[in-house]
Amino acid sequence: MPDSVSENQNPQTENDNTVEEEEVNLRVHDIIIKGNKKTKDSLLETEVESLKTATTMQELLEAAALVKSRLQNLDIFDSVNITIDSGPLELPATCNVTIEVVENKNPVGGNIGMYSKPEARSYSLEGTAKLKNVFGYGDIWDSTWAYGWEQASDISVGVYLPRFKRLSNPIMARISLLSQDWLKISSYKERMLGLSVGLLSTRHHDLAYNLTWRNLTDPSQMSSRSVRKQLGHSLLSSLKYKFTIDRRDSPQRPTRGYAFVSSTQVGGFSPDSRSLRFLRQEFDLRFAFPLGFYNAALNFGVSVGAILPWGRGFMNLPSPISERFFLGGNSSPVCTLGGLTTLLGFKSRGVGPTEQRRAMIDISGNSAKCTGRDVLGGDLACSAFADLSFNLPLKVLRDAGVHGHIFASTGNLTKLTENEFQNFSFRKFGESFRSSIGAGIIIPFNFFRMEINYCYIRKQFEHDRGKTGIQFSFSSPL
Amino acid sequence: MEKENNEEGFVLVARKPCFGLPTACPSSLPVYIYLRFANVPFDLRFNLLHPDSDQIPYVESGAYVAYNNEKCGVIESLKEDGIVDLDSGVPSQTIPEWLSTKAMITSWLGEAVLYELWVGSDGSAADKIYFSDLPWPIGTILHFKQTLGAKQVLGITKLNAERREDEIYRRATMAYEALSTMLGEQKFFVENKSTSLDAVFLGHTLFTLHALPDTSVLRSKLLKHSNLVRYSENLKMEFLEVGSSSSSVSQPPFEPSSSSTPRRTPSSWRSNPKPKPKKEKTEEEKTFRRRAKYFLATQLVAVVIFLSILGGSDEVDVEDDNDLDYDA
């Protein structure tokens, strides 16, 4: 995006360094905004207000750079130019600031890609279409759809407002219709119609409200007893708060730094006591250490999560199956910050408590055919990983960003609700951790990131679905 | 870590109890009665979240499940799977009449109940049975959806609504007359032995007499046949009210008589429908409305505080002179 901040220096100033070293007192006399045909004046006025408070040239340059950055981040301009000229001759020590914006010629944008998500079972094709600045408030409307090869995923429409009247906090709202097919793994299909509103979104804090109508059905009529008890309609009215610190040097291939994410979700924010009531907490901690050769780095991570229902008789209630923790899947634990899901080498939802599905009785009524098991998820989950990444010897691979890694991961799930916590012990929980090790290559592309890993399952239990062998995963490059 | 279902006893999963009935759903009640007739020990559990599911009621035992939408219903599934069969003793020469009577009850009388529950009433009975445990917006939408579904099943449109209503009640009248004649003063329909026919019809009569309002046309038609009413009450006293040794309830038990819908006794029944009473708000509705007001007030205060605090931090003085010029 071509843009610039330029200044017409006072012809009497002979040395550029003088501007940098000495404070030049001035004030902004006039701010001229050009080029906005559709964008509302109120939006631009608010964004450039900080220029008027500058009292020196240095402050003005810093403020101009900040204003330029904020206008660029609105994502509704093709270019932003800020020019500083001297003010009227009769007003010494003043300057005029001219801000020239070029609005997007084509307000429509979008992208399409293929990814594997930890929460879905297989790869999914995703596309996003965006419509920018429809009403001139810097509003960005987007429509997203995602389709998995074995199940339809979701359709959603969202809007992002950088400012709303005097509120400097951006506002986001999204309506989504999501359909997840877990029939083969857990014997239920999930359909959700939801509204989510972003109440606060800063660098470290995210607060969102979610209102969702969820319907679980079992068209196969093969579900186990625990899943049958969960089938039906429910209303989720929840607040989710996320605190994030990410001091790693790269989210895709961190070589130094640390990251911490705490996610708290409280369901039941409704005067109606019949909505889903639960408390869900997750912690995610990461460290990256450089090793000083071949751009190698050691990444460690540990994640813990728990969910419990609340309300009258909560000790006897099960947690909602859709909110429980499930471990498994091929997504990279290094890149997936926040979200207890990945355990390399195991299939999606491939670990944890299971229950026998419905038995079919044959015509004679004498024998029952076993039809598999449902994965139920857990109320307490813990996972950890260690990953050593390094450059490959070939220069062409290094230049393309292709690198290798060796990893080890472990994780476990258990149930705590419906009085199962009475049978819980840390020793038994520790002894039942599953684990895997492996090595692989990571190939970043423009639109997606591919990992090819060989995983060896070191420890798994009966009914787990871990498989030693080569696995692929695709993820978003962002 | 693995959860195995070690419960080998039978569990009947039905809709919630109301109106003094162990389960108020017209589909679930016959299954309950069938199991009581068969003297099969079972637990009664309630599904409060899936009012639009045709799988309910269902009977489960361990990994075995008999759904309502398979093999012509739970009763037929239990018979076919060799679990319990009350109909094995039906004399072969009476089977045609017995079968056609059962078909008449499930079709003509079943349609009449469907009509009264979803179309021909204010919907309060359906609300109580199916949607009272769901959050209000979901319950309201599902009720509307179920009503549309019922109209579709009954073939009711705006043009033929009156004709279909008349047809449904005519058939119900004929069915009651035929059943009253067939039953006489017997205890059961077939040779003093309970069969699935009795379970189905007793479920229908109990629902009609206890769950439908006093203004119900179907109820008034049933009350005209005193032997059918006696049949219903006698069997209810014998099998549903005398102890609960063969069934136990693991979830909300029958509603106590102090509930908002008092149980009806035979002496309080009238064959002429009374004018519909004015609907009073229940304690639950009052509490819900009060909580809703508090919630909305709290949200409003939070939004006002949020706006004033964050709006104040971004406030700047707007100068009157023309500092900002715009060029097109």
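Mentor: Quick ground rule: helices (H or I, at least four residues) and strands (E, at least two) are DSSP runs, numbered from the N terminus. This is a predicted model, where local features need pLDDT of at least 70, side-chain atom pairs count only at pLDDT 80 or more, and totals for chains, interfaces and linings use all residues. Residues are numbered from 1 along each chain as its sequence is written, chains are lettered from A and ligands numbered from 1 in the order in which they are written, and side-chain values use heavy atoms, with hydrogens and water left out.

Trainee: Okay, chain B. In which sense do strand E1 (residues 10-14) of chain B and E2(B) pair?

Mentor: Look at the partners: Val11(B) bridges to Asp43(B) in E2(B), and Leu12(B) stands opposite Leu44(B). Two strands pair if DSSP finds at least two bridges between them. Here there are five bridges, and the sense is parallel.

Trainee: What hand does the β-α-β unit of E1(B), helix H1 (residues 28-37) of chain B and E2(B) have?

Mentor: Point the strands away from you and follow the path from the first strand over the helix to the second: clockwise means right-handed. For E1(B), H1(B) and E2(B), the unit comes out as right-handed.

Trainee: How many residues of strand E2 (residues 42-46) of chain B are buried?

Mentor: Buried means under 20% relative accessible area, exposed means over 50%, and partly exposed is in between (1.4 Å probe, protein chains only). Its partner E1(B) is mostly covered, with four of its five residues buried. E2(B) is largely enclosed by the rest of the structure, because its buried residues number four of the five.

Trainee: And on E3(B), what is the bridge partner of Val13(B)?

Mentor: E1(B) also pairs with E3(B), this time in the antiparallel sense over three bridges. In E3(B), the residue that bridges to Val13(B) is Tyr58(B).

Trainee: Over to chain A. Which strands each supply at least two residues of the nonpolar patch?

Mentor: The patch on the surface includes Trp145(A), Tyr147(A), Ile175(A), Leu177(A), Leu193(A) and Leu195(A), and its accessible area is about 800 Å² together. Patch residues have over 30% relative accessible area and no salt bridge; like charges are joined within 9 Å, and nonpolar side chains (Val, Leu, Ile, Met, Phe, Trp, Tyr) within 5 Å. The strands you want are E7 (140-148), E9 (171-181) and E10 (189-201) of chain A.

Trainee: Leu211(A) is in that patch too. What is its relative accessibility?

Mentor: Leu211(A) sits in strand E11 (residues 205-217) of chain A. Leu211(A) counts as partly exposed, because its relative accessibility is 33%.

Trainee: How far does helix H3 (residues 57-73) of chain A reach from its first C-alpha to its last?

Mentor: H3(A) has 17 residues, and the expected span is 1.5 Å times one less than the number of residues. That expectation is 24 Å, and the helix comes close to it, with a reach of 24 Å.

Trainee: Just after H3(A), which residue takes a positive phi?

Mentor: Inside the helix, the buried residues include Leu60(A), Ala64(A), Val67(A) and Leu71(A). Just past H3(A), a positive phi of about 65° belongs to Asp75(A).

Trainee: Now charges. How far apart along the chain are Asp142(A) and Arg174(A)?

Mentor: Their side chains meet in a salt bridge at 2.7 Å, N to O; the cut-off is a side-chain nitrogen of Lys or Arg within 4 Å of a carboxyl oxygen of Asp or Glu. Asp142(A) is in strand E7 of chain A and Arg174(A) in strand E9 of chain A, and they are apart by 32 residues. Asp142(A) counts as buried at 13%, while Arg174(A) is partly exposed at 26%. So your separation along the chain is 32 residues.

Trainee: Which residue forms a salt bridge with Glu60(B)?

Mentor: The closest N and O atoms are 3.2 Å apart, and the partner is Arg225(A). Glu60(B) lies in strand E3 (residues 58-61) of chain B and Arg225(A) in helix H5 (residues 225-230) of chain A, so the pair joins two chains. Glu60(B) is buried at 0%, and also buried, at 7%, is Arg225(A).

Trainee: Last one: what separates the C-alpha atoms of Lys128(B) and Ala211(B) in space?

Mentor: Lys128(B) lies in helix H4 (residues 124-131) of chain B and is partly exposed at 21%. Lys128(B) and Ala211(B) are 83 residues apart in sequence, yet C-alpha to C-alpha the distance is 9.8 Å.

Key: Accessible areas come from the Shrake-Rupley method with a 1.4 Å probe; for residues, only the protein chains shown count as cover.
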